[in-house]
Amino acid sequence: MLLAALLAVGLGTPADSTLIRFLSINDFHGSLEPRSYGWSGGRQVGGAAALKATLDSAAAECRCAVFRLDGGDQMQGALASNLVYGRSVIEAMNAIGLDAAAVGNHELDWGIDTLRARMRESAYGWIAANVFDSVSGRRPAWAVPYRMLERGGHRVAVIGYMSARSKAMISSWAGAGLVWRSGRGAIRDVLDAVRRERPELTVIVAHEGAFCDSLPCRGEVVDLALELDSTEVQLIVSGHTHSLVNTVVRGIPIVQSRSSGTAFGIADYIRRSDGSTGWRIRVETTWADRVTPDSVVEAIVAKYRPMVDRLAKAKVALLRDSLLRRGDQFALGNLIADAQRAVRPGTDFAIMNNGGIRRDLYPGQLTYNDLFELQPFGNNVTRVWITGRGLKEVMEHAVRSGRANFHISGLTVRYDPRKPVGERVVEMRRTNGTPVRADRTYILALSDFLQTGGDGLNMLRDLPNRRTGSTDLDALSAYLKRLRQPVIPPAAKRFISVVP
Ligand SMILES: [Zn+2]
């Protein structure tokens with residue numbers, strides 16, 4: 001026995017063998033091109049061509065059955081994708097050899113018809129098991145709940161799962177007539193159908209996430225796993241929160257690999273030397289300088305580059321300082337709210353959701369592409385006519401969590417997070433110091449996403465409103481050009497907690 005153990009050590013790795021390898025990405029967000037990040041030390045990361053080369057080498061080294069999965073939010077978010085409504089990304093993913101992708105909430109940003117067109121162009125299957133027609137209670141035709149994949153004699157079932165809060169994150173026109181249900185109950189029939197197919201493994205690709213900054217990890221995908229059993233689901237590929245997740249909940253491994261193709265997951269289903277099976281999982285960075293970019297994917301990306309370049313490189317403004325999303329109130333949010341208020345003269349206030357502010361900005365020349373990445377959704381700036389009383393309700397919602405999850409322009413709000421929800425706003429004053437009057441009607445500017453009830457602002461939906469015709473991106477671009485250069489954004493807090 002002892003000798004055998006020593007021999008095994010002496011030989012290095014005992015005879016663990018990988019049976020199946022799942023390579024995964026999530027929240028690609030149209031990131032066809034590599035780029036450097038604050039954390040990458042000047043090195044290029046990601047890009048579709050480097051991603052393909054990296055996944056190919058991870059697949060080759062395994063000498064096993066390999067499946068490539070995506071946790072959703074694949075298309076929305078970069079000019080090279082948005083200018084063609086995601087078509088370029090589908091082409092790249094087809095070449096990358098994706099097997100299945102979860103439908104992310106942002107997949108619906110251009111409407112169901114556009115999504116269906118992209119699905120038709122995809123060589124891989126899109127899956128979503130927990131979205132239903134609100135009238136019939138059935139899954140809509142485009143929402144295929146699961147797919148059976150087969151490779152090298154291994155049959156694997158892959159079930160799609162969308163964020164149960166998708167309704168609030170999708171523009172109301174795109175999500176009309178759809179409801180999302182959460183948890184095991186929403187997919188029970190699918191789990192039953194999959195069981196009857198007797199796959200070797202069942203995987204959920206969930207566009208639903210978690211954070212693991214402090215352990216245990218928390219988030220909706222953890223809540224989902226807590227309702228499942230490792231005999232029915234053996235792996236979850238997660239997404240949506242752009243975080244690094246590599247954890248195990250109730251015996252089910254969960255993996256998420258940040259976002260934008262900057263990282264990818266390797267989930268190995270292994271057979272150990274003692275005959276038992278298990279998982280070995282890691283998340284790796286997609287260093288673009290470590291591989292030779294795949295030439296087929298590079299040709300696809302290059303085809304779309306000229307369309308983007310002229311627009312992307314246009315200079316918009318000069319920035320003096322870094323504008324970082326730190327805490328719940330920051331200068332960049334104030335700046336965006338100010339820009340939306342400035343679209344039409346006579347607009348009293350503006351409100352912007354923190355979740356719609358998608359990147360930090362750094363000192364120096366700001367290009368149109370920087371602003372595009374900051375506000376990629378093409379929301380229409382809309383004006384709403386609202387009483388001071390109604391505005392208070394909006395502000396109460398904004399501090400519901402005990403912190404301000406929005407930015408405002410034209411006013412300052414003092415709030416007391418110790419008070420009950422709905423009674424926290426202590427004072428609302430216009431920038432000139434006059435109090436906001438309950439019975440007076442004001443004009444509030446905001447994105448059509450918020451106006452139609454996004455981020456929980458349902459109280460705005462039925463108020464008189466008018467679209468300005470200007471996108472949030474154009475509003476910001478025009479506003480920045482008018483400011484004195486270099487731009488010094490307004491840093492003072494506008495939501496002020498009375499608790500020091
Ligand atoms: Zn998402």
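## A buried serine with an unusual backbone angle

In this predicted model, S260 is buried, since its relative accessible area is 16% and the cut-off for a buried residue is under 20%. S260 lies in the loop that runs between strand 14 (252-257) and strand 15 (263-271), and although S260 is not a glycine, its phi is positive, at about 60°. Most residues other than glycine have a negative phi, and most peptide bonds are trans.

D73 also has a positive phi of about 60° without being a glycine. The loop that holds D73 connects strand 4 (65-70) with helix 3 (79-82), and because its relative accessibility is 1%, D73 counts as buried.

## Two cis peptide bonds

The peptide bond that leads from L215 to P216 is cis, with omega near 0°, and P216 is found in the loop between strand 11 (201-207) and helix 9. Another cis peptide bond joins Q485 and P486, where omega is about -10°; P486 has its place in the loop between helix 15 (472-482) and strand 26 (495-497).

## The nonpolar cores

In soluble globular proteins, nonpolar side chains tend to be buried together. Here the largest nonpolar core has 74 residues, and those with the most contacts inside it are V103, L108, W142, L332, L371 and L480. The largest share of this core, seven residues, is supplied by helix 2 (residues 48-62), while domain 1 (11-306) and domain 2 (314-497) each contribute at least three residues to the core. A second core, separate from the largest one, has 28 residues, among them I187, A210, C217 and I252.

Which residues does W142 contact, leaving aside its neighbours within four places in sequence? W142 is in contact with V103, L108, I112, L115, R116, M119, V131 and L178, and of these partners V103 and L108 are also listed, together with W142 itself, among the residues with the most contacts inside the largest core.

## Helices 2, 4 and 5

The axes of helix 2 and helix 4 (residues 87-96) come within 10 Å of each other and cross at roughly 15°. Because angles under 35 degrees count as roughly parallel, helix 2 is described as roughly parallel to helix 4, and the crossing in which helix 2 passes helix 4 is right-handed. Where the two helices meet, A48, L51, K52 and L55 of helix 2 face A92, A95 and I96 of helix 4 in contact. An α-helix has 3.6 residues a turn, so residues three or four places apart point the same way.

Helix 4 is also a packing partner of helix 5, whose buried residues pack against helix 4 and strand 6 (125-127). In helix 5 (residues 112-121), the buried residues are L115, A117, R118 and M119, and two of the residues named there, L115 and M119, are in contact with W142.

## L226 in helix 9

Is L226 buried, partly exposed or exposed? L226, which lies in helix 9 (residues 220-227), counts as partly exposed because its relative accessibility is 48%, a value that falls between the limits of under 20% for buried and over 50% for exposed.

Not counting residues up to four places away in sequence, L226 touches V249 and R250. L226 and V144 are 82 residues apart in sequence, and their C-alpha atoms are 24 Å apart in space.

Technical notes: Residues numbered from 1 in each chain as written. Predicted model: local features only at pLDDT ≥ 70, side-chain atom pairs only at ≥ 80, totals over all residues. Heavy atoms only, no water. Core = buried A, V, L, I, M, F, W, Y, C linked by side-chain atoms within 4.5 Å. Buried < 20%, exposed > 50% of the residue type's maximum accessible area, 1.4 Å probe, protein only. Helix = DSSP H or I, 4+ residues; strand = E, 2+ residues; numbered from the N terminus. Domains from an automatic or database assignment. Contact = heavy atoms within 4.5 Å. Axes fitted to C-alpha atoms, helices over the stretch in contact; angles between N-to-C directions. Parallel < 35°, antiparallel > 145°, perpendicular 65-115°, else oblique. Left-handed = near helix turned anticlockwise from the far one by under 90°.
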